[in-house]
Amino acid sequence: MITFENVTKTYHNGKQIVHALNGIDLTIERGEIFGVVGFSGAGKSSLLRCVNLLERPTTGRVLVEGQDITQFSKAELRQHRRRVGMVFQHFNLLNSKTVFANVAEPLVIAKVPNAEIRKRVMELLEFVGLADKANHYPDQLSGGQKQRVGIARALATRPSILLCDEATSALDPQTTSAILSLLKTINREYRITILLVTHEMSVIREICDKVAVMERGKVIESGSVFDVFSNPQSDITKNFVNSVMHTKIPESVQRLLSEPEGGNRRVYQLVFVGASATQPVLFQAAKKFNLDINILFGNITELQGVPFGHLLVEFRGPEREINRALTYVREAQVDIQEAVGYGH
Amino acid sequence: MGIEWTDFVTALEQTLTMVGFSLCFSAIIGLPLGMALVVTRKGHILENALVFNVLSTIVNIIRSVPFIILVIAIIPFTRLIVGTSIGTSAAIVPMVLSAAPYISRLVENAVLEVDTGVIEAAQAMGATEWQIIVRFLLPEALPALVLGLTIATIGLVGESAMAGTVGGGGIGDLAITYGYEQYDYHVMFVTVVILILLVQFIQTLGNLISRRIRRR
């Protein structure tokens, strides 16, 4: 478990004082994949670096498994860092050393016997699928392969925590999802807590259990990925969610809606979780009441294994029927709200 | 008053002796000095403003003294170290003194080129400062270091020519005594050709080694 207690980080940039972290309170449970999302400069990398003290908090405490790591001596800190692996955006491999030597480095530093290093490194390279590249140099590898080496290296000392600093931001979408599924495997198979920071909401959607949204050194929203995605509170979070959920109504649909048409119609937005309930409810409503229901736009994604989506529907018919249908749908526990500005 | 081919051989030997020894000693001093200039600077792993400023100032002072003046000025010191102020070994002392700070700057440049991300990775895996220097900075900077040392070696070939002042001998001395002072253009021509070949050889060798390291 990692706990941030009122952590601040301030540094001077010339005459300017920058509050990289501005009072962070956050708990990351053991074994979860915790994502921190935010724009660049929001302080997420600083937050991440407080877990292995590559950046030292100005005030506040960082507890890892109950120990305040800011109080560690130099030797204790080095020991601590061996229990925390780190993966970087730009891989940070040694170009002068082979893939094997790169992965072996943390073990050499920890003075592990050679025979054991050999065994462990080959095991790791096998795990990340690069056993045949052991004697290659980093500049002979693709970006995705380099990141696999970075991940193998981070796992060498069998850490209990893995920090990922924009680990997929330098990779193409296909490679990104391969790396993400590797991270997920690591989390599930080795029960390693993963703390990752990213500016891509898709990364959060793909593998995270929990998410925190950061802005200007503060956590402005946090919770399970499911809750945050299905019910974002702040504008920034809504924007982030929008970037992957496409809850915004496309312009073509908007044009369609703005065209004046005969008859009474209203447009509603439905948020549904776990596909089962919604559609039957809608069709039932159409059958039961004297109105037409027209699905204008929809979007479904999977969040932590559960389908989750939005539907934009149009109710046409007499006002009274529409209201009765609404009540009916609401009674079925479906979240339905009028999409403002589209009704006539 | 003739000059034999064996004189050229002797001179070449003297040049190689002076350059070789002074390269060794100045690298032994310059390498740690250059590394210290990197790691003690602001924001680096062993930040120490006092050490950094003192070292940097000393390096600058020595580097600003013209070589020929350095040779003369440190004669008492040279005598103290090698027991004489005349001859090949006496020439090595000022050569080392002038090349070491130069090499330290070349080392500093080469090491600063190492991606800071590599240092961060090293720290993140729990490396000590010494391990960061030896296991990360040095190997990563090695190709650039070799090129830097190549530059320094060629500089030393040039300085060895002026070592004639203290009776150091060598190819350059031959060129000055016979060619410049006695207008023997044949000797001058041969010595210059030898120097060109020597410099060419050193640079090619340096490039080759650097490339080998980079593309091992």
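Helix 9 of chain A, which spans residues 235–245, lies across three strands of the same chain, namely strand 3 (33–37), strand 9 (210–215) and strand 10. Relative to strand 9 of chain A, helix 9 of chain A runs at about 125 degrees. These details, like everything that follows, are read from a predicted model, for which the scores are ipTM 0.86 and pTM 0.86.

The strands beneath this description belong to an open sheet of chain A, in which six strands follow one another in the order 6-7-8-3-9-10 with mixed pairing. Because strand 6 (84–87) and strand 10 (218–224) of chain A each have a single partner strand, they stand at the edges of the sheet, and one side of each is left without a neighbour there. When direction is ignored, neighbouring strands of this sheet are turned against each other by 15 degrees on average.

At one of these edges, strand 6 of chain A runs parallel to strand 7 (residues 161–165) of chain A, and four bridges join the two. Within this part of the sheet, V84(A) stands opposite I161(A), a residue of strand 7 of chain A.

From the strands we can turn to the aromatic side chains, of which the structure holds six pairs over all chains. A pair of aromatic rings is described by the distance of the centres and the angle of the planes. For Y268(A) and F315(A), the ring centres are 5.1 Å apart and the planes stand at 50 degrees, so this pair counts as tilted. The pair links distant parts of the chain, with Y268(A) in strand 11 (residues 265–273) of chain A and F315(A) in strand 13 (residues 306–316) of chain A, 47 residues apart. Is each partner buried or exposed? Y268(A) counts as buried because its relative accessibility is 1%, and F315(A) counts as buried because its relative accessibility is 0%.

Another aromatic pair is found in chain B, where F21(B) and F25(B) are stacked, with 6.3 Å from centre to centre and 25 degrees between the planes. Both residues belong to helix 1 (residues 5–39) of chain B, and because they are four residues apart in that helix, about one helical turn separates them. F21(B), with a relative accessibility of 44%, counts as partly exposed, and F25(B) is likewise partly exposed, with a relative accessible area of 42%. As for the confidence of the prediction in this chain, chain B averages a pLDDT of 91, and 98% of the residues score at least 70.

Terms used
Residues numbered from 1 in each chain as written. Chains lettered and ligands numbered in written order. Predicted model: local features only at pLDDT ≥ 70, side-chain atom pairs only at ≥ 80, totals over all residues. Heavy atoms only, no water. pLDDT = per-residue confidence, 0-100. Phe/Tyr/Trp six-rings, centres within 6.5 Å; stacked < 30°, edge-to-face > 60°. Buried < 20%, exposed > 50% of the residue type's maximum accessible area, 1.4 Å probe, protein only. Pairing = 2+ DSSP bridges. Axes fitted to C-alpha atoms, helices over the stretch in contact; angles between N-to-C directions. Contact = heavy atoms within 4.5 Å.
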